Amino acid sequence: MVTTSTVLERKEPGARGRIFHGRALNAVLVLAGVAGILSLSFFLYFFIQGMTNLYGDGVAHVNIARKVVDSLDESLWRRYIQIGSPWLPLQTFLMLPLVTNDRLWRTGAAGSIVSMISFVIIGLSLYLFSKRFYEKADGRWKQALPILSFAILTLNPSVLYMQSTPMTELVFMAALMTAVYLLQRWFSEQTTSRLVAAAVGMTVATLSRYEAWPVAALSVLVVCLNSRGDVSVRLKNSVLFATLAGAGAIYWLWHNWAIYGNALEFLTGPNSARGISLQNRATLGWSKIFVGNAPLDVLAITVAVAVCAGPLVLLLGASGFLKWLISERRSLLDNSPALLLLAPFFFHVFSVYRGEIQVFPLSAFGLHNVRYGLPHLLAVAVFAPASVLIFKGRACRWAMASVCLLIATQYAYQFSEGLSQLAVYQEGYRNGVNSGAARERARVAAILTANPPEPLVLMHTGALGPLVSTSGLRFSQVIHEGTTRWHQLADEIPSDVKTVIITEGDPLNLRLRDNPSLARNLTSNFQKRFEVGPIRVFSRERN
C-alpha cells in the first residue's frame with residue numbers, strides 16, 4: 001500500500017533538487033551581477049582618467065580588427081589576411097562588430113568591451129569550477145570557499161585594470177577557465193556531449209593565446225586517464241577530444257602557411273616573439289642572463305605572479321596547493337583539471353629559458369611583460385581557499401577569517417598605493433606613453449590632427465600604426481603592408497598618393513634606401529612637410 005507519506009518521501013528528493021538548483025542559479029546570477037558592476041565601474045574610472053588604451057600591443061590589437069573591416073581591398077581574402085601573425089585571432093574575431101564604430105575603435109573601447117565580458121565569464125566559470133573542486137568540503141565551507149575563489153580574482157586590482165584594456169590576457173583567462181570547468185564537468189557525467197563541449201572550449205582557448213596549447217595537449221592525457229571503461233572507450237574518447245581540441249592549432253598552422261608559405265611563421269617569423277626578441281637584443285641586453293638559467297627563470301615568473309596577484313595572496317595559493325596535494329595525493333586524477341591551470345606557468349618559464357620572451361617584473365629597473373603573471377591568478381584563486389582547510393573544527397573558522405583578512409589587507413594596500421601605481425598600468429604607461437618613440441608619435445599625431453594629411457597616404461603601419469587611429473585617418477585611406485597596392489610598389493610612388501610617412505628603420509624606409517629610383521621619385525615629387533625625431537612626413541608638390 002502506498003501511503004501519503006511514502007509519496008511525499010518519493011517526491012522530496014526531486015523537490016530538494018529543484019530548490020538546490022534554484023539556489024545555485026540565483027547564486028550565479030548574483031555573482032554575474034556583482035562581476036558586471038565591478039567591471040563597468042572600474043572601466044568607467046580608468047576610461048575617464050585616460051588609462052585604458054596605453055599598451056602599444058592593445059592599440060595594435062584594435063587596429064588589426066579595424067583593418068579587416070576598413071580596407072582598401074574589397075576581397076574577403078585580402079580582408080582576412082589582415083589578421084596576420086603571430087597574434088592568435090580570437091580577440092580579433094570578437095572585436096569585429098565593435099571596431100566598425102569609430103569612437104570604439106579610436107579609443108580602444110572595442111577591445112575593452114571584449115575584456116570586460118571576459119571578466120564576467122572568468123568570475124562565473126571560476127566559481128562553478130570551485131564549487132565542484134570543493135564539493136567534498138564540510139558544511140558551510142562547501143559554499144563559502146567557491147565564493148572566496150570568486151572574490152580573490154574579481155577584486156584583484158591588476159585584474160580590474162587589465163579588464164579595462166584591449167589586451168588579450170582576460171580573453172585567454174576566460175577561455176582557459178571555461179574549458180577547464182567544462183572538462184571537470186565531464187568528469188562527473190561522462191557523456192559524449194559534455195566531452196565535445198569541453199573539447200570545443202579547449203580549442204577556443206588555443207585561439208586566444210599560445211599558453212593554452214600545452215594545456216590542450218595535457219588535457220588529452222587527462223581525458224585518456226580518466227575515461228571510464230575499457231581500452232576502446234579510452235581510445236575513442238581520447239581521439240574525439242584530441243581531434244576537436246587540436247582543431248584550433250591546426251587551423252592556425254594552415255593560416256600561417258596560406259598567408260606566408262610557412263606554417264610556423266608565428267614561431268619563427270620576424271614578427272614572432274622569437275623574432276622580436278632577436279631585434280631587441282640591443283635594448284634588452286639584460287635578458288641574456290635569463291636564457292638557459294632555469295632557477296632564475298622560475299624566480300622571474302614567480303615574482304611576476306606575486307606582483308600581479310599580491311605576495312600574500314600568492315602565499316595563500318601556494319599553501320592551499322600543498323594542502324590539497326597532500327590530502328588528495330591518492331586521488332589526484334579526480335581533480336586533475338585543476339592541475340592544468342599550472343601548465344601556463346611552466347610554459348612561461350620554458351619560453352624565458354629559451355629566450356623567446358622576456359619578463360622583468362621589478363619596477364625600480366623597468367617593467368617588461370609583467371602582465372604575463374596575470375593568468376596564473378586562476379590557479380592561485382582556485383587553490384588559495386584550500387589553505388583554510390589546513391585547520392579543523394573551530395580553528396577552521398578562525399582560519400577563514402584570517403585568510404579573508406590577509407586578502408583584504410593585500411588588496412587594500414594595492415588600492416591605497418593608487419591604481420596608477422599598479423605594475424600592469426606602469427608597464428603600459430612607461431612603454432606605450434612615456435617612451436621616447438611614443439612621445440614622438442604623439443607629437444606627429446597632434447600635428448596631423450590639426451593639419452589633416454591629404455589621402456591617399458603611403459606608410460608602413462607597424463611602428464606607425466597608432467598614427468592612424470590617433471590622427472583622424474582611416475585604414476581605407478592608407479596604402480600599408482596589408483594592402484595589394486603595397487606589394488605592387490616598384491620604382492614609382494602611385495600618382496594618387498598625396499602623403500608619405502616614414503620612420504627610420506621601418507620597411508618603407510629600407511625600401512627607399514635599397515631602391516634609388518623609388519627614392520628619387522620621392523624627392524622629385526614630394527616635399528618634406530615636417531619631421532619629429534626619426535619620423536618624416538612628406539606631401540606631394542602641387543603642379
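These exercises work through ring pairs, a sheet and some backbone geometry in a predicted model.

**Exercise 1. Classify two ring pairs**

Task: Which class of aromatic pair do Tyr 45 and Phe 46 form, and which do Tyr 425 and Tyr 429 form?

Solution:
- Step 1. The model holds 25 aromatic pairs.
- Step 2. Take Tyr 45 and Phe 46. Their centres are 5.4 Å apart, with 70 degrees between the planes. Planes over 60 degrees apart count as edge-to-face, and this pair is edge-to-face.
- Step 3. Check burial for this pair. Tyr 45 has 40% relative accessibility, so it counts as partly exposed. Phe 46 has 0%, so it counts as buried.
- Step 4. Take Tyr 425 and Tyr 429. The centre distance is 6.0 Å and the planes make 15 degrees. Planes under 30 degrees apart count as stacked, and this pair is stacked.
- Step 5. Place that pair in the chain. Both residues lie in helix 22 (residues 423-432), 4 residues apart, about one turn of the helix.
- Step 6. Check burial again. Tyr 425 has a relative accessible area of 10%, so it is buried. Tyr 429, at 30%, counts as partly exposed.
- Step 7. Place both pairs in their setting. Ring pairs join Phe 42, Tyr 45, Phe 46, Tyr 161, Phe 415, Tyr 425 and Tyr 429 in a cluster.

**Exercise 2. Lay out the sheet**

Task: What is the strand order of the open sheet of 5 strands, and which helix packs on the sheet at about 130 degrees to strand 4?

Solution:
- Step 1. The order is 2-1-3-5-4, and the pairing is mixed.
- Step 2. Find the edges. They are strand 2 (478-479) and strand 4 (526-532), each paired on one side only.
- Step 3. Follow strand 4 to its partner. Strand 5 (residues 535-540) pairs with strand 4 in the antiparallel sense, over 6 bridges. Phe 526 has Arg 540 in strand 5 as its bridge partner.
- Step 4. Add the helix. Helix 23 (residues 436-450) touches strand 3 (499-503), strand 4 and strand 5, and makes the angle of about 130 degrees with strand 4.
- Step 5. Add helix 27 (residues 516-525). It lies across strand 3, strand 4 and strand 5, at about 90 degrees to strand 4.

**Exercise 3. Inspect the backbone**

Task: Where is Pro 86 found, and what is the phi of Asn 369?

Solution:
- Step 1. The Ser 85 to Pro 86 peptide bond is cis, with omega near 15 degrees. Pro 86 sits in the loop between helix 3 (76-80) and helix 4 (90-99).
- Step 2. Go on to Pro 455 and Leu 456. Their peptide bond is cis too, with omega near 0 degrees. Leu 456 lies between helix 23 and strand 1 (457-458), in a loop.
- Step 3. Asn 369 is not a glycine, yet its phi is positive, about 55 degrees. This residue is in the loop between helix 19 (343-354) and helix 20 (377-383). At 10% relative accessibility, Asn 369 counts as buried.

Note on methods. Residues numbered from 1 in each chain as written. Predicted model: local features only at pLDDT ≥ 70, side-chain atom pairs only at ≥ 80, totals over all residues. Heavy atoms only, no water. Phe/Tyr/Trp six-rings, centres within 6.5 Å; stacked < 30°, edge-to-face > 60°. Buried < 20%, exposed > 50% of the residue type's maximum accessible area, 1.4 Å probe, protein only. Helix = DSSP H or I, 4+ residues; strand = E, 2+ residues; numbered from the N terminus. Pairing = 2+ DSSP bridges. Contact = heavy atoms within 4.5 Å. Axes fitted to C-alpha atoms, helices over the stretch in contact; angles between N-to-C directions.
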